[in-house]
Amino acid sequence: MSFFQPRTSRRIGRFGLLALGALALSGCNLVVMNPAGDVASQQADLIIYATVLMLIVIVPVLVLTVFFAIRYRADNEEAAYDPEWDHSVSLEIVVWSVPLAIIICLAGLTWVATHRLDPYRDLPRITATKAVDENVTPLQVQVVALDWKWLFIYPEYNIATVNEMAVVVDRPVEFKLTSTTVMNAFYIPDMVGMIYAMAGMETELNGVLNSPGTYAGFASHYNGAGFSRMRFDVKALDEAGFDAWTAQVADAEQPLDRASFVQLEQPSIDDDVHYYGSVQEGLWPRILNMCVGDDKLCMNDMMMVDALGGGGIDGLYNRELYRGLCSADNPEGMFAILRPDLSDRTEEITTAMDLLPPETPQMSVPTGN
């Protein structure tokens with residue numbers, strides 16, 4: 001008996017630790033399963049549905065594992081012994097059909113939910129019983145991930161904040177996100193699911209908060225030394241409270257221009273909340289194209305140069321020759337002439353042509369003799 005006592009003690013100790021862990025977790029706020037926004041609530045429901053479907057397979061397997069271990073133990077003489085048994089049609093049907101049915105259900109559920117919760121899709125509803133008013137314009141927030149802080153630009157109000165944002169309760173919010181550094185994961189569990197912010201690219205996220213309060217937002221994937229401090233508050237306010245907040249931000253003396261952005265872009269950890277009373281016009285396209293500083297070539301200009309033949313003599317000649325075409329309302333003509341092989345990507349490329357180089361005198365073209 002003394003041989004088994006240490007094992008028994010260890011087993012009891014493990015169960016005790018598990019029980020203590022479960023008791024400690026019972027006091028946690030499971031925000032993902034109890035969010036304050038409709039989109040996040042739908043995502044929580046999706047987690048529950050998928051978990052229940054998977055448990056239909058997992059639970060019987062766990063129960064049968066215990067049943068067979070007890071039923072066919074070595075000292076149970078009542079259990080049937082059939083060494084020649086090798087196949088059962090009924091058992092095969094159950095083993096294959098039930099998981100197949102669950103996979104089909106999961107596939108259908110995922111297909112529907114993926115399209116319904118598409119982060120680029122405008123919100124069709126505020127809550128399960130309330131559709132979005134056609135007269136309500138979504139609040140647009142331009143989000144920039146920096147090392148290691150978050151910048152929020154409100155183009156409708158011409159203001160910007162660092163490590164704090166505010167929204168109106170029951171008003172849809174349209175996030176436009178990019179990064180000036182490594183890929184970052186933007187996440188507000190109470191409001192909407194996670195999405196990446198990537199340098200030189202613009203991603204989109206649509207969400208809403210249905211209850212007033214202050215909620216947590218953060219970078220949910222590791223991104224360097226200041227990762228754990230890359231957090232911000234999200235204030236859900238009524239119309240009057242939001243107007244007061246925007247007025248407070250607008251009173252800030254410092255503007256967010258190219259010079260102040262270059263300074264803000266420098267890596268720092270645990271930054272305090274900071275307000276900018278105005279935003280320089282055209283700053284967002286420059287942030288997106290990674291050319292806020294004077295010594296950097298904008299990415300859309302770089303793509304323009306490449307599309308026109310590169311930086312050599314032919315490229316320079318084409319750039320001047322087709323300058324008027326590039327700035328016309330229908331720049332697709334340039335690609336029809338220069339790159340007919342890119343006709344299937346015309347819309348993608350022309351969308352990136354937001355900034356054009358400054359006008360320069362027309363080059364003289366040698367005619368020859």
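# A guided tour, starting at helix α4

Select α4 and look for Phe 242, Trp 245, Thr 246 and Val 249, which are buried. These residues cover an arc of only 95 degrees around the axis, which puts them on the same side of α4. The general rule is that an α-helix has 3.6 residues a turn, so residues three or four places apart point the same way. The model on display is predicted.

Keep α4 selected and check its length. The helix comprises residues 239–250, and at 1.5 Å a residue these twelve residues should span 16 Å; the end C-alpha atoms are 16 Å apart, which agrees.

What lies over the buried residues of α4? Add the strands to the selection: the cover includes β3 (139–146), β4 (149–154), β5 (159–162), β6 (164–168), β12 (231–237) and β14 (274–276). Several of the next stops involve these strands or the loops beside them.

**The loop between β3 and β4**

Select Asp 147 and Trp 148. A cis peptide bond joins these two residues, with omega about -15 degrees. Trp 148 is found in the loop between β3 and β4. As background, most residues other than glycine have a negative phi, and most peptide bonds are trans.

**Two asparagines with positive phi**

Continue along the chain to Asn 158, in the loop between β4 and β5. Its phi is near 55 degrees, a positive value in a residue other than glycine. At 35% relative accessibility, Asn 158 counts as partly exposed.

Then select Asn 163, which is placed in the loop between β5 and β6. Here phi is near 60 degrees, again positive in a residue other than glycine. Is Asn 163 buried or exposed? Asn 163 is buried, since its relative accessible area is 7%, and the cut-off for buried is under 20%.

**Salt bridges**

How many salt bridges does the model contain? The count comes to seven, and three of them are visited here.

Begin with Arg 171 and Glu 156. They form a salt bridge whose closest N and O atoms are 3.1 Å apart. The pair links distant parts of the chain, 15 residues apart: Arg 171 sits in the loop between β6 and β7 (173–179), and Glu 156 in the loop between β4 and β5. Arg 171 counts as buried, at 11% relative accessibility, whereas Glu 156 is partly exposed, with a relative accessible area of 47%.

Next, select Glu 164 and Lys 235. The closest N and O atoms of this salt bridge are 3.6 Å apart. Glu 164 belongs to strand β6 and Lys 235 to strand β12, so that the bridge links distant parts of the chain, 71 residues apart. Glu 164 has 6% relative accessibility and counts as buried, while Lys 235, at 26%, counts as partly exposed.

The third stop is Arg 229 with Asp 270, whose side chains meet in a salt bridge at 3.1 Å, N to O. Which parts of the chain does this pair link? Arg 229 is in the loop between β11 (213–219) and β12, and Asp 270 is in the loop between α5 (258–264) and β14; the two are 41 residues apart. Arg 229 counts as partly exposed at 46% relative accessibility, and Asp 270 counts as partly exposed at 45%.

**Two annotated helical spans**

Now select residues 46–70 and 91–113, which UniProt lists, in an unreviewed entry, as "transmembrane region". Residues 46–70 are 100% helix and 0% strand, and their end C-alpha atoms lie 36 Å apart. Residues 91–113 are likewise 100% helix and 0% strand, with end C-alpha atoms 33 Å apart.

**The whole chain and its confidence**

Finally, display the entire protein chain, which has eleven helices and 15 strands. Of its 369 residues, 34% count as buried. Among contacts between residues at least 6 apart in sequence, 65% join residues at least 24 apart.

Colour the chain by pLDDT. The average is 83, and 76% of the residues score at least 70. Over residues 1–5 the pLDDT is below 50, and this stretch has zero contacts beyond near neighbours in sequence. Over residues 355–369 the pLDDT is also below 50, but this stretch has 22 contacts beyond near neighbours in sequence. Where pLDDT is low, the predicted coordinates should not be read in detail.

Conventions:
Residues numbered from 1 in each chain as written. Predicted model: local features only at pLDDT ≥ 70, side-chain atom pairs only at ≥ 80, totals over all residues. Heavy atoms only, no water. UniProt positions renumbered as here; feature names shortened; annotations may be inferred. Helix = DSSP H or I, 4+ residues; strand = E, 2+ residues; numbered from the N terminus. pLDDT = per-residue confidence, 0-100. Contact = heavy atoms within 4.5 Å. Expected span 1.5 Å × (residues − 1). Buried < 20%, exposed > 50% of the residue type's maximum accessible area, 1.4 Å probe, protein only. Arc of directions from axis to C-beta. Salt bridge = Lys/Arg side-chain N within 4 Å of Asp/Glu carboxyl O.
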